2 protein chains.
Amino acid sequence: MIYEQNDIIQLETRYRANFINSLGGFKSVTLIGTKSVQGNDNLAIFSSLFHLGANPALCGIIIRPNEEKQNTLGNIVTTGFYTINHIAPSFFKKAHQCSAKYEEGVSEFKEVGLEPEYMEGIAAPFVKESHIKFGCELVQKIDIEWNGTYLIIGKIIKIVVPDEYIAVDGFIDLGKAQTITCSGLDSYHSTLPLARLSYAKVDEAVREI
Amino acid sequence: MIYEQNDIIQLETRYRANFINSLGGFKSVTLIGTKSVQGNDNLAIFSSLFHLGANPALCGIIIRPNEEKQNTLGNIVTTGFYTINHIAPSFFKKAHQCSAKYEEGVSEFKEVGLEPEYMEGIAAPFVKESHIKFGCELVQKIDIEWNGTYLIIGKIIKIVVPDEYIAVDGFIDLGKAQTITCSGLDSYHSTLPLARLSYAKVDEAVREI
């Protein structure tokens, strides 16, 4: 029940991967679309997306280095563009299948049965089936020397969200949009709203809680 | 419905904060416990936690700079330790209340009614009420120059997870543990399992989907 540093190190590799990947809680899970300079579409599933800032609108993803190829990292670095697409229950199995190791140049869109969609100003394919999606421009790649990964920082330059999911204050109702979440390496979940809570103030502690 | 770069820039500040914070999908939401060198406990709610690696076990958080004070960043930098604690529906309002701007040196544990719990080897308080929690040691602080935030990289050196939530392959059943997720700046959600999917293989595409 309590795992010390040595216990963690001694876990079997696959067990540890499942365990540590589950530990951080529920995660954003999205499909990242890119296009190679050779003109091939690529689609990959990522659970490391995080919010970096609203003004300028920035997001981050963590990615393993494999830059020489026509894959997500290679395409982002060579073209400077990528799309991030939410996943709904109606196609989460197709999204998961994008993690299979298809040969270089093969389009995951075609293999799993999702439709690429191009929009002005973004040299990367969106996923037509996604209700919520946005296009990013690479602004910085930072080495994470501890494990040889990269932090990719993207500026959000195009956003597609149907009006019906947007509240008067700009909040997007992701439950209504059927966006799913994930845990660990392979577990997918829908959500149920608990509540939106008002801005917390010091003198409201007793009343609010 | 489609927002171009100029539309994003022209959104009203608070509207844009809600909109962009919602856009990345559901997020991990946890309480981060720290202790100042003056001996004061601090507890803060964060939605920027992400998985960085399983071996070594690493995680990242994004944090706004405010290093001079007895707050999460100041305490992590001066002591080198912090705890990350999952949130359950039974205390999510207390967790949210930790975001109020209490005066320096005031313990959010005391103000919102959560119990600090110290464990050997971690100079920071855990949240007793949390079912799943882990202790981290600071290994690197990276400047994100685009918006003046920091990426804090932590090595996971102690993990507390009840056996009943751990599957035979190391996967932690976060739904069973009642871990919640969040979206935007203030919306909290429980989850419903869709499925755990098997490792995706190229030649199983047709069968699996």
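## Contacts, strands and symmetry in a two-chain model

Leaving aside residues up to four places away in sequence, B:Leu31 touches B:Leu43, B:Ile45, B:Asn85, B:Ile87, B:Ala95, B:Cys98, B:Val127 and B:Ser130. This structure is a predicted model, and B:Leu31 is a useful place to enter it, since B:Leu31, together with A:Leu31, A:Ile156 and B:Ile156, is among the residues with the most contacts inside the largest nonpolar core, which has 108 residues. In soluble globular proteins, nonpolar side chains tend to be buried together.

**The surroundings of strand S7 in chain B**

B:Asn85, one of the residues that B:Leu31 touches, belongs to strand S7 (residues 81–86) of chain B, a strand that is mostly covered, with six of its six residues buried. B:Phe81, B:Thr83 and B:Asn85 point one way from S7(B), whereas B:Tyr82, B:Ile84 and B:His86 point the other way, and all are buried. S7(B) is joined to strand S3 (residues 30–35) of chain B by four bridges, the two running antiparallel, and within that pairing B:Ile32 stands opposite B:Ile84. S7(B) is also joined to strand S10 (residues 133–144) of chain B, again antiparallel, through five bridges, and here B:Thr83 has B:Gly135 as its bridge partner. A further antiparallel pairing links the two chains, between strand S11 (residues 149–160) of chain A and strand S1 (residues 2–4) of chain B, where A:Val160 stands opposite B:Ile2. The three pairings are set out below.

| Strand | Partner strand | Sense | Bridges |
|---|---|---|---|
| S3 (30–35) of chain B | S7 of chain B | antiparallel | four |
| S7 of chain B | S10 (133–144) of chain B | antiparallel | five |
| S11 (149–160) of chain A | S1 (2–4) of chain B | antiparallel | three |

**The interface and helix H2**

In the contact between the chains, 98 residues of chain A meet 97 residues of chain B. Helix H2 (residues 13–23) of chain A provides the largest share of the side of chain A that touches chain B, namely eleven residues, and the residues of that side divide into 52 nonpolar, 31 polar and 15 charged. In chain B, the buried residues of helix H2 (residues 13–23) are B:Asn18, B:Phe19, B:Ile20, B:Asn21, B:Ser22 and B:Leu23. What covers these buried residues of H2(B) includes strands S5 (50–54), S6 (57–63), S10 (133–144) and S11 of chain A, together with strand S12 (181–183) of chain B. Just after H2(B), B:Gly25 takes a positive phi of about 95 degrees.

**Symmetry and overall form**

Chain A is superposed on chain B by a rotation of 180 degrees with 0.0 Å of shift along its axis, at an RMSD of 0.0 Å, and the two copies are therefore related as by a two-fold rotation axis. In chain A, the C-alpha nearest the axis is that of A:Thr191, at 2.1 Å from it. Because 99% of the interface residues of chain A are also interface residues in chain B, the copies meet through the same surface.

Chain A has six helices and 13 strands, and its C-alpha atoms fill a box of roughly 60 × 50 × 35 Å along the principal axes. The radius of gyration of chain A is 19 Å, which agrees with the value near 17 Å for a compact globule of 209 residues. Of the 209 residues in chain A, 49% are buried, and among the contacts of chain A with a separation of 6 or more, 62% are between residues 24 or more positions apart.

Key
Residues are numbered from 1 along each chain as its sequence is written. Chains are lettered from A and ligands numbered from 1 in the order in which they are written. This is a predicted model: local features need pLDDT of at least 70, side-chain atom pairs count only at pLDDT 80 or more; totals for chains, interfaces and linings use all residues. Two residues are in contact if their C-beta atoms, placed from the backbone, lie within 7 Å. Ala, Val, Leu, Ile, Met, Phe, Trp, Tyr, Cys and Pro count as nonpolar, Asp, Glu, Lys and Arg as charged, and the others, Gly among them, as polar. Two strands pair if DSSP finds at least two bridges between them. The radius of gyration is taken over C-alpha atoms; the globule rule is 2.2 Å times the number of residues to the power 0.38. A residue is buried if 20 or more other C-beta atoms lie within 10 Å of its own, exposed if 12 or fewer, and partly exposed in between; C-beta atoms are placed from the backbone. Copies are superposed by least squares on the C-alpha atoms of residues with pLDDT of at least 70 in both. A nonpolar core is a set of buried Ala, Val, Leu, Ile, Met, Phe, Trp, Tyr and Cys residues joined through C-beta atoms within 7 Å.
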